[in-house]
Each structure stands twice: as C-alpha cells, then as structure tokens.
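The following note is offered to a colleague who wishes to examine how the interior of this protein is put together. It proceeds from the strands to the nonpolar core and then to the aromatic rings.

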Amino acid sequence: EVALYAAGGGLAMCDAIMRGEAVHGFCAIRPPGHHAERDYAAGFCIFNNIATAARYLQTEHGLKKVAIVDWDVHHGNGTQHSFEQDESVLYVSTHQYPYYPGTGSYREKGSGSGEGYTLNVPMEAGAGAEEYLEAFEKTIVPELEDYEPEIILISAGFDGHRNDLLSAIGLSTGTFRKFTEMLLGVARGCCSNRVIAFLEGGYNLQALADSCELM
C-alpha cells in the first residue's frame, strides 16, 4: 500500500507541474524505485516510480521527450531497462562501478531505436566532487542540451554522500546542490523550467535530510 502511494504521489506531482501549479517538484517518497523492473521488485524498490512517471507524462500529458538523470550511487537498472530501446526517453546515470546491481557499464548505450539514448558514467570507488562535477560539466549537461527534453526527472539518491557508509563515494551535501543547479540551468533553456526529483537511496539520516533540504 505504501509503495502504491509513493508511485501515485509521483504521478500527482507530474499533474501539478503540467497544470502549472508548480515549476519544480521534489517527491519525498519511499520506497525508492529505480531498481524495480517491469515484472519484479529489487533493491528495496517495489515499483519504478520515476519510470512510471516518465511514461505517464508521455501518455497523459503528451510530452515527446523526457530526460531522466540518476545520481544515486547505484545504477538504476530498472529505469535503464524500461527505456533502453526507446529514443523518447534519455537515461543518464552516474554510479559507483562495479557495484550493486552490476549493470551500468559505459558500453551500455541502449539498443534498437534507443541506441545512443542511454548514457552511463560509471565512477570508481573513492571518486568525489571533482570527478562528478567534471562528468556533469563535460558530458551530462552537453548531452541534455543536445537532446532538448521537455522535462527533466531526477533519481535523487543521496547514498553517495561521504557520510553514508553504504558506498565508497565522497560527495558532500553542497555537491548535490551543484548537481541540482546545473540541471535547473539546462531546464531553463529547454524545459520551461520543469524539473521533478524523486527520492531514491540514502541511508545516513542526517546526510539524507541535509541533502534533501538543499535541493
């Protein structure tokens, strides 16, 4: 029941954004979603909240091009698999690699008509703000600008925080804020400012709360 409310809350946020009741949205929902596949749950995820929202924006609100940026420390296998053959959704992920769930190699670029619309930027254990910000500035932001989506959805996981013991990535609260600012900059240019973030991982409660607050 809680998972259904989480997925439905994401759709309600989509409606609010598309009706012009808000410009930016943050869905503080649990359980997270980006590991959930079409036919099974995985990695604490029951339903893929962000994938469901992306398709809902297309089928119910008529959007043609949606971008999903996933900065959770784990690769969003379920989200990638949902759209890897679909050029209407650009999926971009930064994540510790190799790590759970084992997917997310830079060689995974999509297939069929979706080839080239999956962008994985794997990070080695020990990576921090310098490596991540370089990836955003030199790879992710230019890719988004070239794609020109009508909305940006963020899988906002904070388990890459340096105080989160689940990972070996050393990001600070302020670094997550910089990610957000860069994506908002892209949105101003092509998305009518429309951005929705969906809470994913994060297991140090203080780091999680601080990072969410700064978004």
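1. A residue is called buried here if its relative accessible area is under 20%. The model under discussion is predicted. By that cut-off, strand β3 is mostly covered, with eight of its eight residues buried. The burial extends to both faces of β3: V89, Y91, S93 and H95 lie on one side, and L90, V92, T94 and Q96 lie on the other.

2. Strand β2 is likewise mostly covered, as five of its five residues are buried. From β2, the residues V66, I68 and D70 point one way, whereas A67 and V69 point the other way. The buried set thus named in β2 includes the charged residue D70.

3. Which strands pair with β2, and in what sense? β2 and β3 are paired in the parallel sense over five bridges. Within this pairing, V69 has V92 of β3 as its bridge partner, and D70 has S93 of β3. Between β2 and β3 the chain passes through helix α3, residues 77-83, and the resulting β-α-β crossover is right-handed. β2 also runs parallel to β5, to which it is joined by five bridges; here A67 is matched with I152 of β5.

4. The pairing continues from β3 to β4. These two strands run parallel and are joined by six bridges. V92, the bridge partner of V69, has L119 as its bridge partner in β4.

5. The largest nonpolar core comprises 37 residues. W71, F136, L144, I152, I154, F158 and F179 are the members with the most contacts inside this core. At least two residues of the core are supplied by each of β2 (66-70), β3 (89-96), β4 (118-123), α4 (129-147), β5 (151-156), α5 (173-190), β6 (195-199) and α6 (205-214). Helix α4 provides the largest share, namely eight residues.

6. L144 merits inspection as one of the core residues listed for their contacts. When its neighbours within four places in sequence are left aside, L144 is in contact with A67, V69, L90, P149, L183 and V186. A separate core of 22 residues lies apart from the largest one, and L57, F83, V89 and I151 are among its members.

7. The aromatic residues deserve their own point. The structure holds nine aromatic pairs. One of them, formed by F158 and F176, is edge-to-face, with 4.9 Å from centre to centre and 85° between the planes. Why does this pair tie together separate parts of the chain? F158 lies in the loop between β5 and α5, and F176 lies in helix α5, so the contact links parts that are 18 residues apart in sequence. F158 and F176 are both buried.

8. F158 and F176 also belong to one aromatic cluster, together with W71, Y132, F136 and F179. Several names recur here: W71, F136, F158 and F179 are also among the residues with the most contacts inside the largest nonpolar core.

9. Two placements of a charged side chain over a ring may be checked in the display. The charged end of K65 sits over the ring of Y147, 4.6 Å from the ring centre. R107 lies over the face of Y106, at 5.3 Å from the centre of that ring.

Methods
Residues are numbered from 1 along each chain as its sequence is written. This is a predicted model: local features need pLDDT of at least 70, side-chain atom pairs count only at pLDDT 80 or more; totals for chains, interfaces and linings use all residues. Side-chain values use heavy atoms; hydrogens and water are left out. A nonpolar core is a set of buried Ala, Val, Leu, Ile, Met, Phe, Trp, Tyr and Cys residues joined through side-chain atoms within 4.5 Å. Buried means under 20% relative accessible area, exposed over 50%, partly exposed in between (1.4 Å probe, protein chains only). Helices (H or I, at least four residues) and strands (E, at least two) are DSSP runs, numbered from the N terminus. Contact means heavy atoms within 4.5 Å. Rings of Phe, Tyr and Trp (its six-membered ring) pair if their centres lie within 6.5 Å; planes under 30 degrees apart count as stacked, over 60 as edge-to-face and the rest as tilted. A charge sits over a ring if NZ of Lys or CZ of Arg is within 6 Å of the ring centre and within 35 degrees of the ring normal. Two strands pair if DSSP finds at least two bridges between them. A crossover is right-handed if, with the strands pointing away from the viewer, the path from the first strand over the helix to the second runs clockwise.
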